[in-house]
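Me: I have a model open and would like to go through a few of its regions with you. Could we begin?

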Amino acid sequence: MKARTRFAPSPTGYMHIGNLRTALYEYLIARSTGGAFLLRIEDTDQKRYVEGATDIIYSTLKTVGMNWDEGPDIGGAYGPYVQSERKAIYAEYAHKLVELGGAHYCFCAAREENADEEEENAVPSKFQDPCKKLSLEEARARIAAGEPYTVRQTINKQGKSRFHDEVYGDIEIDYDDLDEGVLLKTDGFPTYNFANVVDDHLMAITHVVRGNEYISSTPKYNLIYEAFGWTPPVYVHVPQVMKDAQHKLSKRNGDASFQDLVAKGYLPAAVLNYIALLGWNPGDEREIFSLEELEKAFTIERLNRSPAIFDIVKLTWMNGCYIRALTPEEFHRQALPWYGKCLTRSLNLEMLSKVLQPRVETFADIARETDFLEQMPDYELALYDNKKMKTDASVAVRVLKLAADMLLGIADWDNDSLFASLKELAAANGLKNGQLLYPLRIALSGKETTAGGATEIAAVLGKEETIARVKAALAKLEA
RNA sequence: GACCCCAUCGUCUAGCGGUUAGGACAUCACCCUUUCACGGUGGUAACACGAGUUCGAGUCUCGUUGGGGUCGCCA
């Protein structure tokens, strides 16, 4: 069966990780069945609209390669794809629904935003709407007189409502537990509860994929489908992405959005790969998936029911895998802008990339790994003490003098030549490699650990700076 | 509070009545090694609890506990 799915975000700001994952599952359901994936902008709440938010949605989906077949920008047979442009459609269907008995006009005032915080009657009662008793003629007369109104869902059914969800199975909810919510607001805009039903039907959506917070209200949507005589879609409710066991991942708590992660040096493909596995697994032990591979491997059956905690540590590991899988040229190309942020000195950047690629997990690690290249840090002479390498400050003085002389004569300033020459020098003076290389690395970096060894650092720094640092180190040792 | 959902190593998960409960991240040890990484090998670590069904339960049923969600003219 060819599925038609939709990603229907509201343009309220960032692309949240949970949203992106939902979009991914929608995309995968469409692609894995040879169906269509569409984009619909749900901007029925003008108060929450954020300038530029739709551009973030477009660019995020494009960045990760989730191309849509129909949408506001490219059109399609079921447009328009922006809800604010469909206002007349909702009004038409809302009035129709009233005639069909699925809704009624309501003149009650909106409840205060900050109504008595802790309602003393702890027993919440279903909203009892007096307007339900109004005759249609009476209601229409009041509307004609200019009185503000809403269209509110009418729920007169008794007993149990049942529906099937692809992930959660059969769910049963008592009709008495359903609220008669507003479908069309005073301003003429629909609420999500109404717009999504009308649009999903009109746009021939076959699979509705959304967060499981919508499970409770699904029976209400089914009532609307029923009243119109429409067939409800296949429901695929997905569990939440959590920050920890108690809290949902949300921008409000300062949790990372997709663009935050990219800005922190994560690769879009790695982020997408990681979130795909947050609630889905292939059934075997593969973990690294490109979008194309996900399209092939994905099935709704392997979606999970329990919430998943977003683990930045594992994402970081996975990002490291993606970075190492980059060709050296591609890594270098992507690293360049990051070098620009923290390095001003003239360095052998190709060599630096070679050293860094297997050692960084995100591009943001570059700054931490290269700080000493920009400027020698202050360091203790005790750094020269190393039992395993059998070195200390006095050994350092001796070997650095030897090295300084030899370095002057090296013509091919690259890692291989440097390493070969230094090895030879060590052998000629009865030294272990480490006794020569360890102090040299300290002299060049002033750090206990560095990305790359002594000769690699020398190759990155260049001849002039290397010799200058060795001389400075000698001066410091002999002071 | 009512209703709905969830429950396997710290985390993501496999498991669909009989397993030494598997993998990945993290962690620890060792190997490799010019430090650090990468890579390799090995280790520690889980079925929330209680009944029941069954010859046999992580797997099925019920309950308890814990957590989450819904109860907006937000989506």
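Me: Which residues of helix α12 are buried?

Reply: This is a predicted model, in which local features need pLDDT of at least 70, side-chain atom pairs count only at pLDDT 80 or more, and totals for chains, interfaces and linings use all residues. Residues are numbered from 1 along each chain as its sequence is written, chains are lettered from A and ligands numbered from 1 in the order in which they are written, and side-chain values use heavy atoms, with hydrogens and water left out. In α12 (residues 349-356), M351, L352, S353, V355 and L356 are buried (under 20% relative accessible area, 1.4 Å probe, protein chains only). Helices here are DSSP runs of H or I, at least four residues, numbered from the N terminus.

Me: What covers the buried residues of α12?

Reply: The cover includes α11 (328-342), α13 (365-374), α15 (415-428) and α17 (454-461).

Me: Changing topic: is T391 buried or exposed?

Reply: T391 counts as buried because its relative accessibility is 6%. T391 sits in the loop between α13 and α14 (393-408).

Me: Which backbone oxygen lies 2.7 Å from its side chain?

Reply: That of Y384, paired with a polar atom of the T391 side chain.

Me: And RNA strand B, which residues are closest?

Reply: K185, T186, E287, R359 and G452 are the closest of the 64 residues that surround RNA strand B, where near means a heavy atom within 4 Å. Of the strand atoms within 4 Å of the protein, 72% belong to sugar and phosphate.

Me: Which element gives the largest share of that surface?

Reply: α10, with four residues.

Note on methods. Buried means under 20% relative accessible area, exposed over 50%, partly exposed in between (1.4 Å probe, protein chains only). Helices (H or I, at least four residues) and strands (E, at least two) are DSSP runs, numbered from the N terminus. Contact means heavy atoms within 4.5 Å. A polar contact is a pair of N or O atoms within 3.5 Å; within protein, one must be able to donate a hydrogen and the other to accept it, and residues adjacent in sequence count only if both atoms are side-chain atoms.
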